[in-house]
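The following exercises are to be worked with the sequence and the model at hand. Each task is followed by a solution in steps.

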Amino acid sequence: MFSRRQLFQWAAVSASAPFLTACSSPSTDAAAIRFGVTSRPRMLDPRKATDALSSRVNRLIYRQLIDFNQAFEPVPELARWQALSPTHYRFTLIEFPKFHNGESLTAEDVAATYRSVLNEGFGSPHRGSLKHVQSIEVLSDSEVEFKLARPDALFVGRLVIGILPKSLIEADHPFQLSPVGSGPCRFVSMTEQRLVLERPDKMQLVFMPVKDATVRVLKLRKGELDIIQNDLSPELVHYCDERDDLKVLWHSGTSFGYVGFNFEDPLLSQLEVRQALAYGIDRQAIIDSVFSGHARLAGGLLVPEHWCGVPGLHGFDYRPDKARALVEAVKQKHPGLVNSDGMLEFSYKTSSDPTRIRLATIYQSQLREVGIHLKVQSYDWGTFYNDIKQGRFQLYSLAWVGVKSPDIFQYVFDSDAIPPKGANRGRYRNAEADRLIREAGETESLAKQAELYRELQVHLQETLAVMPLWYEDQYAVMRPQVRGYRMYADGRFDGLLDVTKSVSG
């Protein structure tokens, strides 16, 4: 079994070998780990990748300047850093790994990668997060400096883009089709049916798109896949957990599930109405029954162990009597908004995913007991998501996945972040929240920033900017021949660097 660091070093030694192409011979069963995914990774150029699947695969192909520890604080990966001033950072490479084309990674490659991201004509979606970078200067093969137009206490944590060779950037190499990095895995081939990477020990990692979750499980049982991770219904996970020919690994997760409100709705704009909804849903009972306990109650968008997290913040407790009292008060105040059954009525939009529909019907049943009728409307993902972005909803539910940086709060809750400027889909406008968001964004002290973001999360819960639900656990299902796979809170695929497979169970 090999550590990530050992595999990086091994990759550096073997990187001068001839570059593997789509003409490589197919892998044998014993020399490949077949990993089932919902779709083919969309973008293998890390400068343009935004979806979770592509980002997780790119971590295996490319190295980055920094990574994150378990508290989601930035730590050195390829380089350590010094803040020479609030607007001046120096990064010093602590390794010079080989790219898969044989070239050594130097500070010139770091600068070229980030300059290309900042090039407006290139169209990187990450350009906005680096908007304060004024200049990038290479001091030597090992040192590169970034100068900012204004202080940004979160700047170091933004430097997570995989480093590409300068020579290939200048040659307009199509990294999305033929990636060349310096990570532990080199690209072998890619078709619509599979993406193949290879570890230094010649074990191939084969990512096989299988859209239907039930089919993924069947392929796993038949031996056509070795591992699948997440994206199954709770019922399917339970089915897998009960079988002797499969095994399930669990790990606490960071995906934040929530119910969103439309603050331009005359009823939902009232705190008492949002409180009635929050008190009327028994989240723990849902976690126990639907998720078999594999989730934990959420309060803030960031998990409690995050360096900006709030331990003890867990949302609104289930208090049906309190919910009924609030509903009655609202009905007396707005008799014209009561339906023919004497209930407050709201539409709730969700995707057509069976698990999400099941959750919606549970909310519907629980809220009926407190005097609220939930009219459930389910749509295909594209229609549903477009309606949410356009503000065509009263209530909806989604999740934020893989959040690490606390500047997510500006993007999601600032009054100026209403789509298309950001993801404030509920049109939440709150002067105190805006003050805390902007003060946190302007402070040069990470300690002060953490204090402000914790205060903000308490305020967001008190004002019910959204209704926090839970953080769902991560899980992986695999065949018994697979050994040594490790799970991570953010769902990364780094466990594939260590995993082994025996010829038989």
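**Exercise 1.** Determine whether aspartate 172 is buried or exposed, and describe its backbone.

*Solution.* Step 1: the relative accessibility of aspartate 172 is 67%, so the residue counts as exposed; the term exposed applies over 50% relative accessible area, buried under 20%, and partly exposed in between (1.4 Å probe, protein chains only). Step 2: aspartate 172 belongs to the loop between helix 4 (166-170) and strand 8 (186-190). Helices (H or I, at least four residues) and strands (E, at least two) are DSSP runs, numbered from the N terminus. Step 3: although aspartate 172 is not a glycine, its phi is positive, about 55°.

The model is predicted: local features need pLDDT of at least 70, side-chain atom pairs count only at pLDDT 80 or more, and totals for chains, interfaces and linings use all residues. Residues are numbered from 1 along each chain as its sequence is written, and side-chain values use heavy atoms, with hydrogens and water left out.

**Exercise 2.** Carry out the analysis for lysine 202: in which loop is it found?

*Solution.* Step 1: lysine 202 lies in the loop between strand 9 (195-198) and strand 10 (204-209). Step 2: its relative accessible area is 53%, and lysine 202 is therefore exposed. Step 3: the phi of lysine 202 is positive at about 75°, though the residue is not a glycine.

**Exercise 3.** Identify the polar partners of lysine 501 and state its accessibility.

*Solution.* Step 1: lysine 501 is part of strand 19 (residues 500-501). Step 2: because its relative accessibility is 12%, lysine 501 counts as buried. Step 3: the side chains of lysine 501 and aspartate 226 are joined by a polar contact of 3.2 Å. A polar contact is a pair of N or O atoms within 3.5 Å; within protein, one must be able to donate a hydrogen and the other to accept it, and residues adjacent in sequence count only if both atoms are side-chain atoms. Step 4: a polar atom of the lysine 501 side chain also lies 2.8 Å from the backbone oxygen of alanine 32. Step 5: tyrosine 485 is 16 residues from lysine 501 along the chain, with 9.9 Å between the C-alpha atoms.

**Exercise 4.** Describe the surroundings of threonine 113.

*Solution.* Step 1: threonine 113 sits in helix 3 (residues 107-118). Step 2: with a relative accessible area of 0%, threonine 113 is buried. Step 3: the threonine 113 side chain reaches the backbone oxygen of aspartate 109 at 2.8 Å. Step 4: apart from neighbours within four places in sequence, the contacts of threonine 113 (heavy atoms within 4.5 Å) are Arg47, Ile161, Gly162, Ile163, Leu164 and Ile169.

**Exercise 5.** Establish how helix 7 and helix 9 are oriented to each other.

*Solution.* Step 1: the axes of helix 7 (residues 271-279) and helix 9 (residues 320-333) are 8 Å apart, and the packing angle is about 150°. Axes are lines fitted to C-alpha atoms, for helices over the stretch in contact, and angles run from 0 to 180 degrees between N-to-C directions. Step 2: helix 7 and helix 9 are therefore roughly antiparallel; angles over 145 degrees count as such, under 35 as roughly parallel, 65 to 115 as roughly perpendicular and the rest as oblique. Step 3: Glu272, Val273, Gln275, Ala276 and Tyr279 of helix 7 meet Pro320, Lys322, Ala323, Leu326, Val327 and Val330 of helix 9. Step 4: by class, this contact of helix 7 with helix 9 has eight nonpolar, one polar and two charged residues. Ala, Val, Leu, Ile, Met, Phe, Trp, Tyr, Cys and Pro count as nonpolar, Asp, Glu, Lys and Arg as charged, and the others, Gly among them, as polar.

**Exercise 6.** Analyse helix 5 and helix 6 in the manner of the preceding exercise.

*Solution.* Step 1: helix 5 (residues 213-222) and helix 6 (residues 234-242) have axes that come within 10 Å and cross at roughly 15°. Step 2: that angle makes helix 5 roughly parallel to helix 6. Step 3: Ala213, Thr214, Val217 and Arg221 in helix 5 meet Leu236, Tyr239 and Cys240 in helix 6. Step 4: the classes in the contact of helix 5 with helix 6 are five nonpolar, one polar and one charged.
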